[in-house]
Amino acid sequence: MEISLQPVAPEQRKTPPPDDQLVFGKIFSDHMFRMDYGEGRWHNPRVVPYGTLEMDPAAMVLHYGQGIFEGLKAYRCADGRIHLFRPLKNMERFNRSARRMCMPEVDVQFHLEAIETLIRLDAAWIPHSVGASLYIRPTMIASEPHLGVRPALEYIHYVITGPVGAYYPEGFNPIKIYVSDQYVRAVRGGVGEAKTMANYAASLYAAEQAKKKGYTQVLWLDAVERRYVEEVGTMNIFFRIDDELVTPPLSGSILPGVTRESVIDLARHWGITVKERPITIDEVIDRIASGDLKEIFGSGTAAVISPVGEVFYKERSYVVQDGKVGEWSRRFHDEIVGIQYGERDDPFGWVHQVKP
Ligand code: COI
């Protein structure tokens, strides 16, 4: 399929904000990619000016939440090259989410080409400083107007982008997380491992309560026993215990993070023992108390590597690593960021250079 281009006139292009004023997800670039699905096929792929989507109020996504998305970033290197980080992983996960939500797949190579076409046109929006990047949000929604509950027959796939800074207001400083034992995010057999909108809606109530108590994020436990640690919702979670790296296994209710996989690959490459094993919140608390648990950090595209300095569970707060950034958090952060911005060797071939 040929992607048609309808560029914004030069005099109507917006000016990107300075890098030091960037926050996450508030500002969008001049263009978006869009294509439509109907009669069993995708058609009319195009890059158009960023703007509103017109939709029938009966569009099925608005009623039954049949929608999925992805998150990846474009990085500008010091020599001007533009990098994506393992983009095919996101394209493949998009299709896994699509299958789970009974939505049509998008050819992974074509999806990547659409993103590259969009980025080339909006290259001026890619920030120049390390730590800032262009966030890319591929999305698919069920657009068919129909109120019966079944998979839609029409969809819109679109990609928007925008320059971003750190996801958390704390930047690369330890965040405080709140363990929810009252509410759950996802249940095994449900849609927790799909990047579908409902998972994020389901997280809001507990997240608001955590915020009121001064915590940045919720650490979710499994939905059945409410004992096993799952993920944070915007990131996967890692524990440094006795100089081994422990992270919950992909049990079906956890998002299979691209950064999570990269941390595991790097750790093994460095000779660190990695255990993907179930870990209970009681073990976490006991090991913080005994001093075996030295660090906690989260991993995600938006969050990158985010150290955790405090855990709140059952009315008590537990400080980790004196509330400071730990050695491993910094090491994983610096290595991943270094690879993304072309400042460090890329032994795994993770970086994808966008053709100029
Ligand atoms: C990402 O890390 O890209 C995410 O999608 C998490 C989020 C901001 C919802």
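User: How many residues of the shell around the ligand are nonpolar, polar and charged?

Analyst: This is a predicted model. In it, the shell around the ligand divides into 5 nonpolar, 2 polar and 2 charged residues.

User: Which residues are around the ligand?

Analyst: A residue is listed if one of its heavy atoms lies within 4 Å of the ligand. Here the list runs Phe 69, Gly 71, Tyr 135, Arg 137, Tyr 167, Lys 195, Tyr 200, Thr 301 and Ala 302. Domain 1 (4-164) and domain 2 (175-336) each supply at least three residues of this shell.

User: What lies 2.5 Å, 2.7 Å and 2.8 Å from an oxygen atom of the ligand?

Analyst: A polar contact is a pair of N or O atoms within 3.5 Å. At 2.5 Å from a ligand oxygen there is a polar side-chain atom of Tyr 135. Lys 195 has a side-chain N or O atom 2.7 Å from a ligand oxygen. For Ala 302 the atom is a backbone N or O, at 2.8 Å from an oxygen of the ligand.

User: How much of the ligand's accessible area does the protein cover?

Analyst: On its own the ligand has 280 Å² of accessible area, and the protein covers 91% of that. The space the ligand takes is the largest pocket.

User: Where is empty space left, and what lines the largest cavity?

Analyst: Rolling a probe the size of a water molecule over the atoms shows where space is left empty. This structure holds 1 cavity of 30 Å³ or more. The largest cavity contains about 80 Å³ of space. Its lining includes Gly 71, Leu 72, Lys 73, Tyr 75, Thr 301 and Gln 340.

Key: Residues are numbered from 1 along each chain as its sequence is written. This is a predicted model: local features need pLDDT of at least 70, side-chain atom pairs count only at pLDDT 80 or more; totals for chains, interfaces and linings use all residues. Side-chain values use heavy atoms; hydrogens and water are left out. A polar contact is a pair of N or O atoms within 3.5 Å; within protein, one must be able to donate a hydrogen and the other to accept it, and residues adjacent in sequence count only if both atoms are side-chain atoms. Accessible areas come from the Shrake-Rupley method with a 1.4 Å probe; for residues, only the protein chains shown count as cover. On a 1 Å grid over the protein atoms alone, a cavity is a set of points where a 1.4 Å probe fits but cannot get out, and a pocket is an open set with protein on both sides within 12 Å along at least five of seven lines; lining residues have an atom within 4 Å of a point. A molecule sits in a cavity or pocket if more than half of its atoms lie within 2 Å of its grid points. Ala, Val, Leu, Ile, Met, Phe, Trp, Tyr, Cys and Pro count as nonpolar, Asp, Glu, Lys and Arg as charged, and the others, Gly among them, as polar. Domain bounds come from an automatic or database domain assignment. Grid points are joined across faces, edges and corners, and a volume is the space filled by probe spheres set on the points.
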